[in-house]
Amino acid sequence: AQRIIKAKLLSPIRSAKAPFPLRPPTWPTTVPRLSVERTLGVDYDSDWARKPAAKAGRAVVQEVIAAPVLRALARPEVTGLDRIAHLDEPVIFAANHASHLDAPLIVSVIPTRWRHEMFVAGAADYFFDTRIKATAFAFLLNAVPIERTRPSRLSARRVSELLDDGWS
(Lines give C-alpha, C1' and ligand atoms only; values in the text may rest on other atoms or scores of the structure.)
Protein backbone atom coordinates (compact mmCIF):
# COMPACT_ATOMS: atom_id res chain seq x y z
CA ALA A 1 0.00 0.00 0.00
CA GLN A 2 2.88 2.40 0.72
CA ARG A 3 4.30 1.93 -2.80
CA ILE A 4 1.01 2.80 -4.41
CA ILE A 5 0.64 5.99 -2.32
CA LYS A 6 4.20 7.11 -3.08
CA ALA A 7 3.72 6.48 -6.79
CA LYS A 8 0.51 8.49 -6.83
CA LEU A 9 2.13 11.38 -4.91
CA LEU A 10 5.14 11.51 -7.23
CA SER A 11 3.25 11.21 -10.49
CA PRO A 12 2.15 14.91 -10.70
CA ILE A 13 5.77 16.03 -10.24
CA ARG A 14 6.86 13.97 -13.23
CA SER A 15 3.95 15.13 -15.35
CA ALA A 16 4.35 18.11 -17.67
CA LYS A 17 0.97 19.34 -16.44
CA ALA A 18 1.75 19.32 -12.73
CA PRO A 19 -0.63 21.17 -10.38
CA PHE A 20 0.09 24.78 -9.43
CA PRO A 21 2.66 24.75 -6.64
CA LEU A 22 4.80 22.38 -8.72
CA ARG A 23 4.76 24.57 -11.83
CA PRO A 24 4.65 28.32 -12.49
CA PRO A 25 1.18 29.88 -12.10
CA THR A 26 -0.86 30.69 -15.16
CA TRP A 27 -1.55 34.28 -16.20
CA PRO A 28 -5.14 35.28 -16.99
CA THR A 29 -5.46 36.15 -20.68
CA THR A 30 -7.75 39.10 -19.85
CA VAL A 31 -5.12 40.80 -17.70
CA PRO A 32 -2.33 42.64 -19.56
CA ARG A 33 1.21 41.85 -18.45
CA LEU A 34 3.12 44.86 -17.18
CA SER A 35 6.78 44.94 -17.99
CA VAL A 36 8.59 45.64 -14.75
CA GLU A 37 11.98 47.26 -15.14
CA ARG A 38 14.58 45.70 -12.88
CA THR A 39 16.45 48.31 -10.90
CA LEU A 40 18.54 46.22 -8.53
CA GLY A 41 21.33 43.71 -8.92
CA VAL A 42 23.34 44.07 -12.10
CA ASP A 43 20.75 46.56 -13.41
CA TYR A 44 21.30 49.07 -10.60
CA ASP A 45 22.24 52.45 -12.05
CA SER A 46 25.05 53.87 -9.90
CA ASP A 47 25.90 56.76 -12.23
CA TRP A 48 24.54 59.22 -9.66
CA ALA A 49 27.38 58.21 -7.30
CA ARG A 50 29.94 59.79 -9.65
CA LYS A 51 28.22 63.20 -9.79
CA PRO A 52 29.97 66.12 -8.02
CA ALA A 53 27.66 66.23 -4.98
CA ALA A 54 28.00 62.49 -4.31
CA LYS A 55 31.77 62.63 -4.85
CA ALA A 56 32.09 65.49 -2.36
CA GLY A 57 29.94 63.71 0.23
CA ARG A 58 31.85 60.46 -0.23
CA ALA A 59 35.19 62.26 0.13
CA VAL A 60 34.10 63.75 3.45
CA VAL A 61 32.86 60.40 4.77
CA GLN A 62 35.98 58.58 3.56
CA GLU A 63 38.50 61.11 4.89
CA VAL A 64 36.81 62.13 8.15
CA ILE A 65 35.16 58.89 9.28
CA ALA A 66 36.02 55.73 7.30
CA ALA A 67 39.77 56.10 6.79
CA PRO A 68 40.63 56.90 10.43
CA VAL A 69 38.38 54.09 11.72
CA LEU A 70 39.77 51.53 9.25
CA ARG A 71 43.36 52.56 9.95
CA ALA A 72 42.75 52.22 13.69
CA LEU A 73 41.07 48.83 13.38
CA ALA A 74 43.28 47.21 10.75
CA ARG A 75 46.54 49.13 11.18
CA PRO A 76 47.58 48.61 7.56
CA GLU A 77 51.24 48.76 6.61
CA VAL A 78 51.56 50.44 3.22
CA THR A 79 54.75 49.78 1.27
CA GLY A 80 55.73 50.05 -2.39
CA LEU A 81 53.96 53.30 -3.21
CA ASP A 82 57.09 54.34 -5.10
CA ARG A 83 56.38 51.49 -7.56
CA ILE A 84 53.06 53.00 -8.62
CA ALA A 85 53.89 56.71 -8.37
CA HIS A 86 54.75 56.96 -12.09
CA LEU A 87 51.52 55.33 -13.32
CA ASP A 88 48.95 57.31 -15.27
CA GLU A 89 45.22 56.99 -14.76
CA PRO A 90 43.32 54.78 -14.87
CA VAL A 91 44.90 52.11 -12.71
CA ILE A 92 43.33 48.82 -11.64
CA PHE A 93 43.91 47.98 -7.99
CA ALA A 94 43.09 44.39 -7.03
CA ALA A 95 42.73 42.95 -3.54
CA ASN A 96 43.36 39.37 -2.52
CA HIS A 97 39.82 39.50 -1.09
CA ALA A 98 40.28 38.23 2.44
CA SER A 99 37.13 39.94 3.76
CA HIS A 100 34.45 42.54 3.04
CA LEU A 101 36.83 45.13 4.50
CA ASP A 102 39.25 44.77 1.55
CA ALA A 103 37.64 47.42 -0.64
CA PRO A 104 37.15 50.07 2.05
CA LEU A 105 40.64 49.41 3.42
CA ILE A 106 42.27 49.75 0.00
CA VAL A 107 40.31 52.94 -0.66
CA SER A 108 41.51 54.34 2.67
CA VAL A 109 45.21 53.84 1.86
CA ILE A 110 45.32 54.51 -1.89
CA PRO A 111 47.22 57.72 -2.67
CA THR A 112 44.96 60.76 -2.84
CA ARG A 113 45.52 61.29 -6.57
CA TRP A 114 43.46 58.11 -7.24
CA ARG A 115 41.28 57.82 -4.14
CA HIS A 116 38.49 60.14 -5.22
CA GLU A 117 38.51 59.06 -8.87
CA MET A 118 38.10 55.34 -8.35
CA PHE A 119 35.23 52.89 -8.29
CA VAL A 120 34.82 49.50 -6.66
CA ALA A 121 33.45 46.46 -8.48
CA GLY A 122 30.84 44.92 -6.18
CA ALA A 123 28.94 41.65 -6.47
CA ALA A 124 25.55 42.53 -7.94
CA ASP A 125 23.81 39.65 -6.19
CA TYR A 126 25.16 40.59 -2.76
CA PHE A 127 25.82 44.33 -2.52
CA PHE A 128 23.02 45.43 -4.85
CA ASP A 129 20.18 43.09 -3.84
CA THR A 130 18.23 45.69 -1.82
CA ARG A 131 17.71 49.39 -2.41
CA ILE A 132 19.34 50.34 0.93
CA LYS A 133 22.49 48.26 0.37
CA ALA A 134 22.79 49.35 -3.25
CA THR A 135 22.54 53.03 -2.34
CA ALA A 136 24.92 52.71 0.62
CA PHE A 137 27.65 50.89 -1.32
CA ALA A 138 27.27 53.11 -4.38
CA PHE A 139 27.65 56.19 -2.19
CA LEU A 140 30.31 55.03 0.28
CA LEU A 141 32.59 53.15 -2.15
CA ASN A 142 31.43 54.38 -5.55
CA ALA A 143 30.59 50.71 -6.13
CA VAL A 144 29.21 49.45 -9.43
CA PRO A 145 27.36 46.14 -9.71
CA ILE A 146 29.24 43.29 -11.35
CA GLU A 147 27.59 40.02 -12.30
CA ARG A 148 29.63 37.19 -10.82
CA THR A 149 27.46 34.17 -11.53
CA ARG A 150 27.51 34.33 -15.35
CA PRO A 151 29.16 36.40 -18.09
CA SER A 152 27.56 39.83 -18.41
CA ARG A 153 28.06 42.30 -21.23
CA LEU A 154 26.42 44.98 -19.10
CA SER A 155 29.00 44.57 -16.32
CA ALA A 156 31.91 44.46 -18.77
CA ARG A 157 30.64 47.50 -20.68
CA ARG A 158 30.06 49.48 -17.47
CA VAL A 159 33.61 48.84 -16.20
CA SER A 160 35.12 49.51 -19.63
CA GLU A 161 33.32 52.86 -19.93
CA LEU A 162 34.46 53.92 -16.46
CA LEU A 163 38.06 53.03 -17.26
CA ASP A 164 37.78 54.91 -20.56
CA ASP A 165 36.53 57.92 -18.61
CA GLY A 166 39.66 57.84 -16.43
CA TRP A 167 38.24 56.18 -13.31
CA SER A 168 40.60 53.77 -11.58
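**Exercises: aromatic pairs, core and pockets**

The structure holds four aromatic pairs; rings of Phe, Tyr and Trp (its six-membered ring) pair if their centres lie within 6.5 Å, with planes under 30 degrees apart stacked, over 60 edge-to-face and the rest tilted. This is a predicted model, in which local features need pLDDT of at least 70 and side-chain atom pairs count only at pLDDT 80 or more, while totals for chains, interfaces and linings use all residues. Residues are numbered from 1 along each chain as its sequence is written, and side-chain values use heavy atoms, without hydrogens and water.

**Exercise 1.** Classify the ring pair of Tyr 44 and Phe 128, and place both residues in the chain.

*Solution.* Step 1: the ring centres are 5.5 Å apart and the planes stand at 40°, so the pair is tilted. Step 2: Tyr 44 sits in the loop between helix 1 (2-14) and helix 2 (52-74), and Phe 128 in the loop between helix 5 and helix 6, 84 residues apart. Helices (H or I, at least four residues) and strands (E, at least two) are DSSP runs, numbered from the N terminus. Step 3: Tyr 44 and Phe 128 are buried (under 20% relative accessible area; exposed is over 50%, partly exposed in between; 1.4 Å probe, protein chains only).

**Exercise 2.** Classify the pair of Tyr 126 and Phe 127, then state the burial of each residue.

*Solution.* Step 1: with 4.8 Å centre to centre and 85° between the planes, the pair is edge-to-face. Step 2: Tyr 126 has 36% relative accessibility and therefore counts as partly exposed. Step 3: Phe 127, at 16%, counts as buried. Step 4: ring pairs link Tyr 126, Phe 127 and Phe 137 into a cluster.

**Exercise 3.** Describe the largest nonpolar core.

*Solution.* Step 1: a nonpolar core is a set of buried Ala, Val, Leu, Ile, Met, Phe, Trp, Tyr and Cys residues joined through side-chain atoms within 4.5 Å. Step 2: the largest has 15 residues, and Tyr 44, Val 107, Val 120, Phe 128, Leu 141 and Ala 143 have the most contacts inside it. Step 3: helix 6 gives the largest share of this core, three residues.

**Exercise 4.** Characterise the lining of the largest pocket.

*Solution.* Step 1: on a 1 Å grid over the protein atoms alone, a pocket is an open set of points where a 1.4 Å probe fits, with protein on both sides within 12 Å along at least five of seven lines; lining residues have an atom within 4 Å of a point. Step 2: 28 residues line the largest pocket, with Phe 93, Ala 103, Val 120, Ala 121 and Gly 122 nearest its centre.

Definitions and conventions: Ala, Val, Leu, Ile, Met, Phe, Trp, Tyr, Cys and Pro count as nonpolar, Asp, Glu, Lys and Arg as charged, and the others, Gly among them, as polar.
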